[in-house]
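Here are my notes on the model you sent over, as numbered points. Have it open while you read.

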Amino acid sequence: MCDLVARTGRHQQRYEDGRRLVAGCIPFRYRVNNDEHKKLVEVLMINSQSGPGLLFPKGGWENDETVEEAAAREAIEEAGVRGDIVHLLGFYDFKSKTHQDACCPEGMCRAAVFALHVKEELTSWPEQSTRQRTWLTIPEAASQCRYQWMQEALLTGFSDWHDKWSRGGGGTNCDPA
């Protein structure tokens, strides 16, 4: 049984310019690749509750938290991982088919997506009964992304940042070596 509880409802949801504000992350870790004697970056994806394909953790950014706190909370609730938010990858606009409401009748959303260096995988988490975690290489993850905007966040946001950072230009405290 999980002691953590997922937030529900929209009463504290943030909106801006007719869009629901969302926070998410691309959780990542390093795995030793024995064939090449170097570390390989892997990203964590979760299954969708409403169809095929995989997702990165994301959800509503609420009034009582920072966007970084919201992204970290979603990683715990949906994927059962904790870690360090190390970089804002960008803002991505998308249309939600399921989250249209009075504040956002068109269903438009803007997601702030962060790189999250995973430090801990929880054995129990709020959505574990409906979510499965899968660690993938970046090409594997790109091919299984359910949404184009998440694939863009992975390929242009995360990959570009990680490539720059791993060559010494990213300015974070995670260790690829």
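**Notes on the fold**

1. Starting with helix H1 (residues 67–79): with 13 residues at 1.5 Å a residue, the helix should span 18 Å, and its end C-alpha atoms are 18 Å apart, so the expected and computed spans agree. Bear in mind throughout that this is a predicted model.

2. How much of H1 is covered? Mostly covered is the verdict, with 10 of its 13 residues buried. The buried set is Val67, Ala70, Ala71, Arg73, Glu74, Ala75, Ile76, Glu77, Glu78 and Ala79, so if you were expecting a purely nonpolar list, note that Arg73, Glu74, Glu77 and Glu78 are on it. These buried residues pack against E2, E3, E5, strand E6 (81–95), E7 and strand E8 (133–136). Right after H1 comes glycine 80, which has a positive phi near 65°.

3. Stepping back to the overall layout: the protein has 3 helices and 8 strands. Reading along the sequence gives β-β-β-β-β-α-β-β-β-α-α. Of the 177 residues, 47% are buried. Taking contacts between residues at least 6 apart in sequence, 70% join residues at least 24 apart.

4. Strand E2 (residues 19–33) deserves a careful look. Of its 15 residues, 12 are buried, so the strand is largely enclosed by the rest of the structure. E2 pairs with strand E1 (residues 15–16) in the antiparallel sense, over 2 bridges, and tyrosine 15 has arginine 20 of E2 as its bridge partner. The two strands make a hairpin with 2 residues between them, and aspartate 17 in that turn has a positive phi of about 50°.

5. E2 has further pairings to trace. With strand E7 (residues 108–121) it runs parallel, joined by 9 bridges; here arginine 20 stands opposite cysteine 109. That puts arginine 20 in bridge positions with both tyrosine 15 and cysteine 109. With strand E3 (residues 38–47), E2 runs antiparallel over 6 bridges, and phenylalanine 28 stands opposite valine 43. With strand E5 (residues 58–60), E2 is again antiparallel, this time over 3 bridges, and glycine 24 faces lysine 58.

6. Buried or exposed: what about cysteine 25 and cysteine 109? Cysteine 25 has a relative accessible area of 1%, so it is buried. Cysteine 109 comes out at 0%, so it counts as buried too. As for disulfides, a search of the whole structure finds 0.

7. Glutamate 42 is one to click on. It lies in strand E3, and its relative accessibility of 6% is under the 20% cut-off, so it counts as buried. Which side chains does glutamate 42 meet in polar contacts? One is arginine 29, at 2.8 Å, and another is arginine 31, at 2.7 Å. Leaving aside neighbours within four places in sequence, glutamate 42 is in contact with Pro27, Phe28, Arg29, Arg31, Trp135 and Leu136.

8. On to the nonpolar interior. The largest nonpolar core has 47 residues, and the ones with the most contacts inside it are Ile26, Phe28, Val43, Leu154 and Phe158. E7 gives the most to this core, with 8 residues. Phe28 and Val43, both on that list, are also the pair that stand opposite each other across E2 and E3.

9. Phenylalanine 158 is a handy place to centre the view. Outside its neighbours within four places in sequence, it is in contact with Ile26, Phe28, Val41, Val43, Leu89, Ala115, Ile138 and Ala153. Of these, Ile26, Phe28 and Val43 are themselves among the core residues with the most contacts.

10. Last, glycine 90, which sits in strand E6. Is glycine 90 buried or exposed? Its relative accessibility is 15%, so it counts as buried, the cut-off being 20%. Glycine 90 and phenylalanine 158 are 68 residues apart in sequence, and their C-alpha atoms are 9.0 Å apart in space. Apart from neighbours within four places in sequence, glycine 90 is in contact with Ala111, Ala112 and Val113.

Notes:
Residues are numbered from 1 along each chain as its sequence is written. This is a predicted model: local features need pLDDT of at least 70, side-chain atom pairs count only at pLDDT 80 or more; totals for chains, interfaces and linings use all residues. Side-chain values use heavy atoms; hydrogens and water are left out. A disulfide is a pair of cysteine sulfur atoms within 2.5 Å. Buried means under 20% relative accessible area, exposed over 50%, partly exposed in between (1.4 Å probe, protein chains only). Helices (H or I, at least four residues) and strands (E, at least two) are DSSP runs, numbered from the N terminus. Two strands pair if DSSP finds at least two bridges between them. The expected span of a helix is 1.5 Å times one less than its number of residues. Contact means heavy atoms within 4.5 Å. A polar contact is a pair of N or O atoms within 3.5 Å; within protein, one must be able to donate a hydrogen and the other to accept it, and residues adjacent in sequence count only if both atoms are side-chain atoms. A nonpolar core is a set of buried Ala, Val, Leu, Ile, Met, Phe, Trp, Tyr and Cys residues joined through side-chain atoms within 4.5 Å.
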